[in-house]
Amino acid sequence: MSVTTEGRRRPGVGAAPRRSSATERRRRRQGLVAWLFALPFVLIFMVFMFGPLVWSFGMSFTDMTIRDIRTPFSVNFEGLQNFVAVFQDETFRKALVNTLYFTVVGIPLTMVFGLALAVALNTGIEKFRSVFRVGFYTPVVTSIVAVAVVWRFMLQGDGLVNTVLGWVGINGPDWLNDQYWAMPSIILMAAWRNMGTLMIIFLAGLQAIPSDVYEAAEVDGASKWRQFRTMTLPLLRPTLLLGAVLLSVGFLQVFEEPFVMTKGGPLNSTLTMSFFVYNQFGYGRFGFGSAAAYVLFAFIAALAAVQFRILRSKD
C-alpha cells in the first residue's frame, strides 16, 4: 500500500515546479512585451520632459546666457546667486504682486460665476439644460486668440463696453491701456473663460447630493436660501476645494491672457510671473530665467500642498 501511494505521488511532486516555472516565464514575457510597448512613451518623456526639467534645474545655478550655447564649457557655477537676484529684481516683484492680485481676485470671482451657473442649471432650467451647458462651456474650448480679439474689441476706448456705458452717462476708460483697469479687465475675461469648467465640476457635485435631504428640509419649512447656505454649501465643500485647487494652479501660471491682450503693459501692470520667465528666456538669460521658473514652481507647489492638506482634513 505504501509503495502504490508513493508511486502516485511522484508525478505530482515533480509537476508543480514545472508549472510554476512555465508561469514565471510567461509572466516575464508579458512584462517584456509591456515594456516594449511603453518604451516609445518612456523615451519621449525622458527626452522632452524629464530631461529639460533636469537641464533647466542645473542651469538655474549657472550664469548661462544665449552666448554660451556654442561654448557650454565657459558657463560658470554661481550657486544660489540667481535665486537671490530673482527676489532682488524689481520687475519680478512687480510680476509677483500682479500674479497674486490676479489669483486672489480671479479665483473667488470665477467660483461665484461657476457656482451660480451650476445652481441655475441644476434647479431652474430643466428643458434646455444641455443647450446651456454647451453654451457656457464653449469659452473653455475656444481659442484664446479668438477670445482676446473679441474682448479687445469690447474693451477698447470706443468699444462696445464704453458705448453701453455712454448710454447711461458714464465715460469709461480705455480699459486695456489704463494701468489701473488693465488687470481687472483681464481678470474679468479669465473668469468668464474659466467659469464653464467650474460649472461642470460644481454641477456634478450638486447632482451627487441626495434629493431626500432637500425634501426633509422643505418639510421642516426651510427656505431655499437657508437650504443653500446650511446644506448645499457644506455638502459641496470638497468640490469647492477641488475647484479652488485647480484654479489656483492655473491662475498662478497665467500667461496667455496678458500676453495676447496687453503684452504685459501698460507699465508692467499686467506682467505675470510666467510672462516674466518668458521674457528672460527671450533676452537670452537662461540661468536667471530658470531660477525664476523654479521660484514660480515653488509657489505653486507650496500653495497646492496647503490646499490639499485642507482638502484631506475636511474629508
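Is E24 buried, partly exposed or exposed, and what is its relative accessibility? In this predicted model, E24 has a relative accessibility of 36% and is therefore classed as partly exposed. The side chain of E24 forms a salt bridge with that of R28, with an N to O distance of 3.7 Å. The two residues both belong to helix 1 and stand four residues apart, which means that about one helical turn separates them. R28 has a relative accessible area of 60% and is therefore exposed. In general, side chains of opposite charge can pair when their charged atoms come close.

The number of salt bridges found in the model is three. A second one joins the side chains of E257 and R193, with 3.8 Å from N to O. E257 is part of helix 11, which covers residues 256-261, while R193 is part of helix 7, which covers residues 182-207; the pair therefore ties together parts that lie 64 residues apart in sequence. Both E257 and R193 are buried. Another salt bridge is formed by the side chains of K224 and E218, with an N to O distance of 3.1 Å. K224 is exposed, at a relative accessible area of 60%, and E218 is partly exposed, at 46%.

Helix 1 spans residues 2-59 and includes R27. On the surface, R27 joins R25, R26 and R29 in a patch of positive charge. The relative accessible area of R27 is 57%, and the residue is therefore counted as exposed; the cut-off for this class is over 50%.

A patch of another kind, made of nonpolar residues, also appears on the surface. This patch has an area of about 1,000 Å² and consists of F41, I44, F45, M46, V47, F48, M49, F50, L53 and V54. One of these residues, I44, is located in helix 1. I44 has a relative accessible area of 48% and is partly exposed. The value falls short of the cut-off of over 50% that applies to exposed residues, so I44 is not placed in that class.

The loop between helix 1 and helix 2 contains D68, and helix 2 itself runs over residues 81-88. With a relative accessible area of 12%, D68 is buried, because the class takes in values under 20%. When neighbours within four places in sequence are set aside, the contacts of D68 are D63, S74 and V75. The chain also brings D68 and F286 to a C-alpha separation of 9.6 Å, although their positions lie 218 residues apart along the chain.

A further pair of residues distant in sequence involves V149, which is located in helix 5, residues 144-155. The C-alpha atom of V149 is 8.1 Å from that of M261, and the two residues are 112 residues apart along the chain. V149 is exposed, with a relative accessibility of 54%.

The backbone of the loop between helix 11 and helix 12 was examined next. P266 is placed in this loop, and helix 12 comprises residues 273-282. The peptide bond that leads from G265 to P266 is cis, and its omega is near -5°. Most peptide bonds are trans, and most residues other than glycine have a negative phi. K263, which is not a glycine, has a positive phi of about 60°. K263 is found in the loop between helix 11 and helix 12, and its relative accessibility of 56% makes K263 an exposed residue.

N268 is likewise a residue other than glycine with a positive phi, here near 60°. The position of N268 is also in the loop between helix 11 and helix 12. N268 is partly exposed, at a relative accessibility of 34%.

Methods
Residues numbered from 1 in each chain as written. Predicted model: local features only at pLDDT ≥ 70, side-chain atom pairs only at ≥ 80, totals over all residues. Heavy atoms only, no water. Patch = residues over 30% accessible without salt bridge, like charges linked within 9 Å, V, L, I, M, F, W, Y side chains within 5 Å. Areas by Shrake-Rupley, 256 points an atom, 1.4 Å probe, with all protein chains shown as cover. Salt bridge = Lys/Arg side-chain N within 4 Å of Asp/Glu carboxyl O. Lys, Arg positive; Asp, Glu negative; His and termini not counted. Charge placed at Lys NZ, Arg CZ, Asp CG, Glu CD. Buried < 20%, exposed > 50% of the residue type's maximum accessible area, 1.4 Å probe, protein only. Contact = heavy atoms within 4.5 Å.
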